[in-house]
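Hi everyone, thanks for coming. I'd like to walk you through a few spots in this model, so let's put it up on the screen.

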Amino acid sequence: MPTAWETFPIEVKGGLVTNISPLQQGITAPGSARRLTNFEPSIEGGYKRILGFTKFDTAFVPPYGEPLVQGSGQTGTTLIIANIYDTPLVGDTLTISGVTGTYTISSVTFDSTAKTSTLTLSTSLASSPADKAAVTFGNNSTLIEGLVYFGQRAIAARGSNLWSSDGTGWIKINTPTYGTVLVNGGSQTGSTLVVDGLTGTPQQGDTFTIGSVQKVYAITSSVTVTSGGATFAISPALASSPADNAAITFLNSGRPNSSKMRFERYNFSGTTALVGVDGANRPFKYSGSAFSIITSAPSDVIGASHVTQFKNHLFFANGTNLTFTAPYTDTDFSAANGAGSINLAHVVTGMIVFREQLIIFSTDQIHRIVGNTISDFQLQPISADIGCVRTDTIQEVGGDIAFLGPDGVRLLSATDKIGDFGFAVASRPIQSEVDDLISSNTSFTSCVIRGKNQYRLFGYASNRTTSSSVGVLATQFVDQTAQGMAWAELNGILAYVADSVYSSADSSETILFANKDGYVYRMESGNSFDSTAIFAQYFTPHIPLSDPRVRKTLYKLTTYVNPEGSISGVVNPELNFSQVGEIQPPQILLQNTADSPFFYGAATYGTAIYGGKLTYSFTSQMVGSGFTISLQYGFYSITPPFSLDAITIEYLNNDRQ
């Protein structure tokens, strides 16, 4: 009978694998995982618990813009507000500048023409609010529909408005500038208003105020400007006749009926600018200080859902139409100057520039545009039967293009043959998890973490809570090969929109995401999910250690880690696939010992001991015997990240049974 202990070492690597049989996985890939949640296969080795997220700004993005009281003298439980582009929700709460109390909406009627809402409140107004008094909503249950990091600020779209923050409060940016606009002539009445001093063209739906005249007004039809003058059709009718040369103050150029908003950064003149599309309205551009609508956009561009820059042109995708501007311009759509359009057979689901070519995805096909200008642009097919089935899943990672195809995450990879591409399904090792992700969510977003060579894909559904949110991540260890990606699952990051930007100036990366709670979050920040502990799990395969038909007696488990601070977790050994009747070993604690180091911000002066050392290995006695063993690691605490590097199991082979 054998008497010598043996040691089975496990190099922790390979990521999540669920597409092979349990015993086969334990024999061929003992360092892989059959469950890997909120751990990332690390390019530095092992599985590292992910970083958390924190609020980018402690204030939430206002849900309905900057609504104002529509006319003085209002009393009782009815309140009319203006300068609002979306219908407030029953149950929303609000406060009114100059009026005591917080009020709850019990019913609402929205006028999309006048941009007003008539609210029925659950309690009567404590006093009559002033005309144009500010109304502030406390609602945090509507989506943030667009998000981008631009000019060291977060730009968020919510409630048909755009907001900017550097982390210290949100400022509305979709306020148009049309010059010094004045009333042209006194004694005007009714539903039209003659103005002059225009240097731009106001848009239908824009809102404005007039000097001392009560109420907020909305432009109800398209505007024609002649020599700086125009006649506005407005709603409501003028409350009183404005004085000649009374000042017109524009409030909003809203984005009504918008869907998910998408952005592109570009630089045609030495200054980086931002262009945005929302699937319903004209595109807009933002310089960081000035907001304007691209009024020259043709009908094929109005309602564009995707935009990108390529070869110093802006390309807009609207359904099956692809329209591009003249070179080095963002407003010139004249064919004579080099603008043009291309019609595709299927609806565009995304675009990305990749190695001097523009890759265009639809649900069923992939094309590319090569060339430099309209004179030599060529549309060439890449795939006639594979496409991107979900928007906002297209990212470049490790020299490849990752996207969500009908059968999982695929990689579009250039090959040695010029003009040829590979289309490997990279998510095959976790096919069932990706299938569940696709079937249980209605919207998706993605981002890359460049410093980790990592792709993250998040699912979103309206009934999802933060705790039930799911996603997957992949770390690419070998470029241009699907087999070089190691996978894991994400839980607790609810993302509807996301953006990541790398700054070469300070070698930093900013990753933002947002959902329906009104806040913008910074990913890869902090040791918790906004003060909630991170739940992380790693389950090894069912490992036979040696001969799967020889029973082993277990004696010792050593877990090697690479810590950045304190660690607190448990290990649950599972023998023989946890079959009925099998006695399982007790749970093992993994915790820093009493002489572990104290950390700045958590230590108590006078009691903390200087010079403590981090624990790099945890050795525990084990009891029990079996044919196979799976180690189930679980962590749920607010601690710095750490890596699981290696595991050893010391055991004794018994007689064959």
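Let's begin with the contacts of Arg410, where contact means heavy atoms within 4.5 Å. Setting aside neighbours within four places in sequence, Arg410 touches Ile386, Ile401, Ala402, Phe403, Phe423, Ala424, Val425 and Ala426. Keep in mind that this is a predicted model, in which local features need pLDDT of at least 70 and side-chain atom pairs count only at pLDDT 80 or more, while totals for chains, interfaces and linings use all residues. Residues are numbered from 1 along each chain as its sequence is written, and side-chain values use heavy atoms, with hydrogens and water left out.

Arg410 sits in strand 36, residues 408-414; strands here are DSSP runs of E, at least two residues, numbered from the N terminus. Is this arginine, Arg410, buried or exposed? Arg410 counts as buried because its relative accessibility is 12%, and the cut-offs are under 20% relative accessible area for buried, over 50% for exposed and partly exposed in between, with a 1.4 Å probe and protein chains only. Its side chain reaches the backbone oxygen of Phe423 at 2.4 Å. Val425, 15 residues from Arg410 in sequence, is 4.3 Å away in space, C-alpha to C-alpha.

Now over to Lys452, in the loop between strand 38 (443-449) and strand 39 (454-460). Lys452 also counts as buried, because its relative accessibility is 18%. Beyond four places in sequence, Lys452 is in contact with Glu40, Ile43, Leu51, Thr475 and Glu524.

Next, the empty spaces. On a 1 Å grid over the protein atoms alone, a cavity is a set of points where a 1.4 Å probe fits but cannot get out, a pocket is an open set with protein on both sides within 12 Å along at least five of seven lines, and lining residues have an atom within 4 Å of a point. The structure holds three cavities of 30 Å³ or more, and the largest has a volume of about 50 Å³; volumes are the space filled by probe spheres set on the grid points, which are joined across faces, edges and corners. Strand 31 (residues 358-362) gives the largest share of that cavity's lining, three residues.

And the pockets? The largest pocket has about 1000 Å³ of space. It is lined by 31 residues, with Phe263, Glu264, Ile394, Gln395 and Asp499 closest to its centre. The second largest pocket holds about 420 Å³.

Methods
Helices (H or I, at least four residues) and strands (E, at least two) are DSSP runs, numbered from the N terminus. A polar contact is a pair of N or O atoms within 3.5 Å; within protein, one must be able to donate a hydrogen and the other to accept it, and residues adjacent in sequence count only if both atoms are side-chain atoms.
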